[in-house]
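Here is a short report to read with the model open beside you. It begins with a single side chain and then steps back to the chain around it.

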Amino acid sequence: MAKRDNSASQTSKIVTIDDLAAHFGVSRSTVKNWYHRDGVIYPCIAIGNDVRFDLAECEQRLLARSRRTRNSLE
C-alpha cells in the first residue's frame, strides 16, 4: 500500500494563543492586541475565553498587513 502525502490537502492547523505567540516569536499580549485592539486576526473558534485561531489564515493576514505597512512607508 502506497504512503499518502497529505501535506498539500491537509486542513488548516487550529492553534491556541500560546501556540500562535510561539510560532511568530511574540508575546501573548501581542497576539491579544492583534485580536482585540488591532483587529488584524480573528479567531475561528471562540467559546467564552477559550479562543483558537487558524494558523494559515493568521499568517496570511499578518503578511498582508506587513505589506500594506511597508508600502505606506515608501
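## A polar contact at His-23

In this predicted model, the side chains of His-23 and Glu-59 meet in a polar contact at 2.6 Å. That makes His-23 a good place to begin your look around.

Glu-59 has company here: leaving aside residues up to four places away in sequence, His-23 touches both Leu-55 and Glu-59. The pairing with Leu-55 spans 32 residues of sequence, while the C-alpha atoms of His-23 and Leu-55 lie 9.0 Å apart in space.

## Where His-23 sits

If you follow the backbone, you will find His-23 in helix α1, which covers residues 17-24.

Is His-23 buried, exposed or partly exposed? Its relative accessible area is 41%, so His-23 counts as partly exposed, because that class lies between the 20% limit for buried and the 50% limit for exposed.

## The chain as a whole

Now for the wider view. The protein chain holds three helices and three strands, and from the N terminus on their order is β-α-α-β-β-α.

How much of the chain is buried? Of its 74 residues, 19% count as buried. The accessible surface of the protein chain is about 5,800 Å², and carbon and sulfur atoms contribute 48% of that surface.

Contacts across the sequence complete the picture. Among contacts in the protein chain with a separation of 6 or more, 46% join residues 24 or more positions apart.

Technical notes
Residues are numbered from 1 along each chain as its sequence is written. This is a predicted model: local features need pLDDT of at least 70, side-chain atom pairs count only at pLDDT 80 or more; totals for chains, interfaces and linings use all residues. Side-chain values use heavy atoms; hydrogens and water are left out. Helices (H or I, at least four residues) and strands (E, at least two) are DSSP runs, numbered from the N terminus. Buried means under 20% relative accessible area, exposed over 50%, partly exposed in between (1.4 Å probe, protein chains only). Contact means heavy atoms within 4.5 Å. A polar contact is a pair of N or O atoms within 3.5 Å; within protein, one must be able to donate a hydrogen and the other to accept it, and residues adjacent in sequence count only if both atoms are side-chain atoms. Accessible areas come from the Shrake-Rupley method with a 1.4 Å probe; for residues, only the protein chains shown count as cover.
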